[in-house]
Amino acid sequence: MNKNIILPVLIAFFFQFQEHKVLEIKGYSAKFPDQNATKILRAQVNELAQNNPTIIYINGQTNKKQIALTFDDASNIHKVNQIINILDQYGLKAAFFCIGNDIEKTPQIARNIDNNGHLVLNHSYSHTKYTELSIEAIEIDFLRAEKVFLQAIGKRTKLIRPPYGAINQDITNTLKNKGYSIAYWSLDSFDWLETINNIQQNIIKNVRNDEIILFHCKTSTIRSLPQIIENLQQRGFKIVRLDELIQKKAYRRKSYFIKSTISRKFSFDN
Ligand SMILES: [Zn+2]
């Protein structure tokens, strides 16, 4: 073997087996009615992520002082636009998990997100808990959402966050078989339930390296966001887009379209 090839091959070999550290999922709200259920779900998700390291991402590699902002339920165009404006002011890019049913009604939401350099990612079509659906129904649901996003922005998603973060091994396998990875979160802002001050404290007190932070497209989130961004930046945290943090592509390659017309076998090219 050529001497110039040996070193890169060794490095690639090493990185392939480098262990991915899975963070404990954090974020707390005293208002949440069932603390124990959260604890059990988080432990299950953590174990699932350890068993499926290239499919489920709770966090990045944990060696960099960086975080990614993610916003679920991008359903209201005005709220989404306000979040985009704030991100723009700080020159930041983020990920928006969109519901197919909402984007079907208002595709402009997805276009605004995409046109501003943010990610439009799959958050199901119906926002139903996947743990309550059959495998067949799950497949129909996320592929239907994928089609809606494709029509809206011309890109085919390959990162998903199932509604309510409800996942198990069967759901993971179903998504994996269709070329998807699951983008979970390591820090929950509880912005759908909490006051502005508590949302900010949840992030500011708990933030760690390579954290994926969960927000929703809510008024309380919009009001909390500038102070959170400024605090994190002052402390030296770089805010990067989710696909950069987890080193995973958000969309399928363009070649998908050519291949899919040649053979159905390749229709879920990674
Ligand atoms: Zn949601």
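This briefing covers the fold, the core, two helices, one strand and several loop residues of the structure above. The model is a predicted one. The protein holds eleven helices and nine strands, and 38% of its 270 residues count as buried. Among contacts between residues at least 6 apart in sequence, 76% join residues at least 24 apart.

**Nonpolar core**

- The largest nonpolar core is made up of 64 residues.
- Phe96, Cys98, Leu121, Tyr184 and Ile213 have the most contacts inside this core.
- Helix H6 gives the core its largest share, seven residues.
- Leaving aside residues up to four places away in sequence, Tyr184 touches Val45, Ala49, Ile56, Tyr57, Ile58, Arg161, Gly165 and Ile212.

**Strand S2 and its partners**

- S2 spans residues 66–72 and is mostly covered, with six of its seven residues buried.
- S2 runs parallel to strand S8 (residues 211–216), and six bridges join the two.
- Within this pairing, His216 of S8 stands opposite Asp72.
- S2 also pairs with S3 in the parallel sense, over three bridges.
- Phe71 has Phe96 in S3 as its bridge partner.
- The connection from S2 to S3 passes through H3, and this β-α-β crossover is right-handed.
- A further parallel pairing, over two bridges, links S2 to strand S9 (residues 238–239).
- In S9, Lys238 stands opposite Gln66.

**Helix H3**

- H3 has 13 residues, which at 1.5 Å a residue should span 18 Å; the end C-alpha atoms are 18 Å apart, so the two values agree.
- The buried residues in H3 include Val80, Ile83, Ile84 and Leu87.
- These residues lie on the same side of H3, because they cover an arc of only 100° around the axis.
- An α-helix has 3.6 residues a turn, so residues three or four places apart point the same way.
- Exposed residues His78, Asn85 and Gln89 sit on the face of H3 turned away from its buried side.
- The buried residues of H3 pack against S2, S3, H5 and helix H9 (219–234).
- Gly91, just after H3, has a positive phi of about 65°.

**Helix H5**

- Helix H5 covers residues 107–115, and its buried residues are Ile109, Ala110 and Ile113.
- Viewed down the axis of H5, the buried residues fall within an arc of 95°, so they line one face of the helix.
- Packing partners of the buried residues of H5 are helix H3 (77–89), strand S3 (95–98), helix H4 (100–105), S4 and H6.
- Gly117 follows just after H5 and takes a positive phi of about 85°.

**Loop residues with positive phi**

- His127 has a phi near 55°, a positive value in a residue other than glycine.
- His127 sits in the loop between strand S4 (119–122) and helix H6 (135–153).
- His127 counts as partly exposed because it has 18 C-beta neighbours inside 10 Å, where 20 or more would make a residue buried.
- Tyr164 is not a glycine either, yet has a positive phi of about 60°.
- Tyr164 belongs to the loop between strand S5 (159–160) and helix H7 (169–177).
- With 15 other C-beta atoms within 10 Å, Tyr164 is partly exposed.

**Residues brought together across the chain**

- Phe32 lies in the loop between helix H1 (3–16) and helix H2 (35–51).
- Phe32 counts as partly exposed, with 14 C-beta neighbours inside 10 Å.
- Phe32 and Leu193 are 161 residues apart in sequence, while their C-alpha atoms are 7.6 Å apart in space.
- Not counting residues up to four places away in sequence, Phe32 touches Thr38, Phe190 and Leu193.
- Lys147 is part of helix H6 and counts as partly exposed, with 14 C-beta neighbours inside 10 Å.
- Between Lys147 and Glu104 there are 9.6 Å from C-alpha to C-alpha, and the two are 43 residues apart along the chain.

Note on methods:
Residues numbered from 1 in each chain as written. Predicted model: local features only at pLDDT ≥ 70, side-chain atom pairs only at ≥ 80, totals over all residues. Helix = DSSP H or I, 4+ residues; strand = E, 2+ residues; numbered from the N terminus. Buried ≥ 20, exposed ≤ 12 C-beta atoms within 10 Å, placed from the backbone. Contact = placed C-beta atoms within 7 Å. Core = buried A, V, L, I, M, F, W, Y, C linked by C-beta atoms within 7 Å. Arc of directions from axis to C-beta. Pairing = 2+ DSSP bridges. Right-handed = clockwise from strand over helix to strand, strands pointing away. Expected span 1.5 Å × (residues − 1).
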